[in-house]
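Colleague: Got a minute? I want to talk about holes inside a protein. Can you put the model up?

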Amino acid sequence: MIHLYASETAAAASLALFVILFGLLWVFRVGWLREANAVDVLVLILSCAFGCRVTAKGKTCQWPKNVDFTGRVALVVGASSGVGFSTAEQLAEHGWTVILAARNTERLMYAKKCIERHVQRRGSNGVVKVLGTVDLRSDASIRAYVQNLTAVKDKLSVGLLVMAAGALHRHLTFVGEAADLKAGAASISSSPPEWRSLECTVASNAVGPFLFTQLMLPLLDETAENSSVTSRIVNVASSCHTFLGPGRPSTFDPISMLHGLDKRGAEVIAGRRDPAAAEGGGGTQDKVSDLYYAKDFSFANFVGYYGLSKLCVMWNTRLLAHQVALMRFSKETGLITPKMRKSEEDKEKASRSATTTARTTGNNTALTPQENGRHNQLKIFVACTHPGISATYLYRELFSPRVLDFVLYYPSLVIFKTWFESAQSTLKAAVEDTDMVQGGYYLCGGEYGPESGVNCVSAHAQNPTHLQAYREWLMGKVAPSMKTTEKKEE
């Protein structure tokens, strides 16, 4: 589940090569190692660590020049830590008004204070706001949050949506049995059974974000229409989408994995946590024989189901890209948007310099008539990203924050990314205006999807049959909650 073309992979390969060469030279006492002392060895090790650290860092986001982002509004979901936190921090540093959203109030407010201190130190005019919490496991919480945001849309017109929330559960848990969703604003007591039978990791990482994005589309569309600037949606995926469990990816059927979770979810929501006992020890042979039916996650496969949720994020991006392709600016709008497609390379360079119009986008970026003809209709740009391998608080169910910080995070920085570095691919898809591919998959080095020369998207993510089957499954989960939203609006 590690992309061969990711910068952290190059750093890991460099470290492994150093260890092998150093070990061989040390064993056979070749060259200067015959007389090397402890200081020499220490300097060599530190030099290697520094080289690996520089390699792992990768490329940074190329912020458009001469662009004032003051007044632009971004909503970052999952902003309390990790990729979401660093993305929000850097957006605010560049003048954005950033709305932070997460499900834990204490961590959310702490993140707000940290980002505000960072903005003050940098002397930026960015603004950080918190409108409340949102729990992506709860359709009621999602609807309530979007309604609150709609109520202040005149003051906070969101033009960038970053879905960076992520969850990983060691044990199989369903939305309907989560104790913290029994009461309060996030209560799922009135949620349809299709929603309550969702597994929590899939709900938090894929289905909840999809519902949230669907409810946000009218606001993003309105912002684009009023500002004449293309709105953007960035889904934080992961290289884990290529890992569905131990073994070759082709041996797994992701759609069957989702249906296997549904079977178990239906039993749990019906109050049959132990189906064998409830049915007198019989009647479950069809489920037991199902390869993808499980009463709980094992230590060997729980990360595989996290990978399944990230594969769903990849599919969500493709579905959204197709959906918003029909959302276009009218000719009367006269908009010239940033480039959303790979340029025509050297053939157009000469003509661009000669025919560049004086008209600019909302980004103050001048475009050519050719670009105007190709790109001026798209209202919403959608992409997904691989942030890189970084030790975040994703494993908080397994380890305490202190262990995650001092045992995993800091030592791993030799070959893995910092939070700042892991946010670069997300920022690239959020603000860059060149070589952007609708529905693309971005690493820090650029687009690595089917449209690129190097494709890091898994075969499952590109399979049209799987995409169609997933869409049917997804709409079966989301449609009842969407109908509830429509009834409340009426």
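Modeller: Here are the cavities, one by one.

Modeller: This is a predicted model, where local features need pLDDT of at least 70, side-chain atom pairs count only at pLDDT 80 or more, and totals for chains, interfaces and linings use all residues. Residues are numbered from 1 along each chain as its sequence is written, and side-chain values use heavy atoms, with hydrogens and water left out.

Colleague: How many cavities of 30 Å³ or more are there?

Modeller: Four, from a search of the whole structure. A cavity is a set of points, on a 1 Å grid over the protein atoms alone, where a 1.4 Å probe fits but cannot get out. Volume is the space filled by probe spheres set on the points, which are joined across faces, edges and corners.

Colleague: What volume has the largest cavity?

Modeller: About 80 Å³.

Colleague: Which residues lie nearest its centre?

Modeller: Met163, Asn205, Pro209, Asn235 and Val313, out of 13 that line the largest cavity. Lining residues have an atom within 4 Å of a point. Helix H7 (200-227), strand S5 (231-236) and helix H11 (302-324) each give two or more. H7 gives the largest share, five residues. Helices (H or I, at least four residues) and strands (E, at least two) are DSSP runs, numbered from the N terminus.

Colleague: And the second largest cavity, what lines that?

Modeller: Lys153, Leu156, Ser157, Val158, Leu219, Glu222, Thr223 and Asn226. The volume of the second largest cavity is about 50 Å³.

Colleague: Which element gives the largest share there?

Modeller: H7, with four residues.

Notes
On a 1 Å grid over the protein atoms alone, a cavity is a set of points where a 1.4 Å probe fits but cannot get out, and a pocket is an open set with protein on both sides within 12 Å along at least five of seven lines; lining residues have an atom within 4 Å of a point.
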